[in-house]
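Visitor: Please choose one part of this model and take me through it slowly, explaining each term as you reach it.

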Amino acid sequence: MQSLAQIDDWPVDHAAAGVVAADGTVRGTHGPSDRRFPLASVTKPIVATAALVAIEEEAITLDQPAGPEGSTVRHLLAHTSGLAFGEHRVVAEPGTRRLYSSAGFEVLAATIEEATGIGFADYLHEAVLAPLGMTATTLDGSPGHGATSTVDDLLRLAAELQTPQLLHRSTLDEATSVQFPGLDGTIPGFGHQKPNDWGLGYEIRDGKSPHWTGATNSARTFGHFGQSGTFLWVDPDAGVACVALADRDFGDWAKAAWPPLADAVLADR
């Protein structure tokens, strides 16, 4: 796909990108698609997928208590548990604000670990990475931001998030629908959003502006970006998903570069 060549103009030392269709066909890659990059918060959709597997296995349930008093697994996945961004400190009542929290994903992982009796990194490998063939992906730190992966591996995840084989379709549909509708909140780097809609571990585009996806992405687009200069989005209406990884931290360069790439990919599909 010619559109992916845009990454050659990004002000980074190394970048790679790829697009996968809903039927699992890789439409194209550009750059070193087998190069491992730190994912930062693109870790979260991988961990969320493992949580959905744990729910289907009945190891945990969405509405079981987890985290602060009054919080559940659903609250943790939807960033409404009331936990602070990077601290295990309660700053709001559960369900009242959309407070983006890596700490919440650490609590989520600990909840799964306790329920299964398996170390979370091992559970993630057994539940998601091995079945999807994500052999280059590792969780080396926090379940909120500590994974390393490649474009090739993340395209496998993006294919699963379009046409699920590991998960049931109904589970994915629930995970990509708005949880706790109407809550406002901030997307790091993109300011306050009214509302700031999220699913179960996946951010939902809806009508947000400004945003890190393109102007032509559908409202149903979901995914995540990371502060290490990484993103993964899935547009169910367009039937494609895009992954891009870079070795420069998120900043103004990414806010300028990512939306045009998304629009070019959608025009090029």
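Guide: What follows is a close look at the packing around one helix, and then at what surrounds it.

This is a predicted model, in which local features need pLDDT of at least 70 and side-chain atom pairs count only at pLDDT 80 or more, while totals for chains, interfaces and linings use all residues. Residues are numbered from 1 along each chain as its sequence is written, and side-chain values use heavy atoms, with hydrogens and water left out.

Let us start with helix 1 (residues 43-56) and helix 4 (residues 120-132), whose axes come within 9 Å and cross at roughly 80°. Helices (H or I, at least four residues) and strands (E, at least two) are DSSP runs numbered from the N terminus, and axes are lines fitted to C-alpha atoms, for helices over the stretch in contact, with angles from 0 to 180 degrees between N-to-C directions. Helix 1 and helix 4 are therefore roughly perpendicular to each other, a label given to angles of 65 to 115 degrees, whereas those under 35 count as roughly parallel, those over 145 as roughly antiparallel and the rest as oblique.

In this contact (heavy atoms within 4.5 Å), helix 1 supplies Ile46, Val47, Thr49, Ala50, Val53 and Ala54, and helix 4 supplies Phe120, Tyr123, Leu124, Ala127, Val128 and Leu129. Eleven of these residues are nonpolar, one is polar and none is charged, where Ala, Val, Leu, Ile, Met, Phe, Trp, Tyr, Cys and Pro count as nonpolar, Asp, Glu, Lys and Arg as charged, and the others, Gly among them, as polar.

The view now widens to the largest nonpolar core, which has 55 residues, and in which Leu77, Leu108, Phe120, Leu154 and Leu232 touch the most other members. Its largest share, nine residues, comes from helix 1. A nonpolar core is a set of buried Ala, Val, Leu, Ile, Met, Phe, Trp, Tyr and Cys residues joined through side-chain atoms within 4.5 Å; buried means under 20% relative accessible area, exposed over 50%, and partly exposed in between (1.4 Å probe, protein chains only). Leu108, leaving aside residues up to four places away in sequence, touches Val47, Ala51, Val73, Leu76 and Leu77. There is also a second, separate core of 27 residues, and Val12, Ala15, Ala244 and Ala257 are among them.
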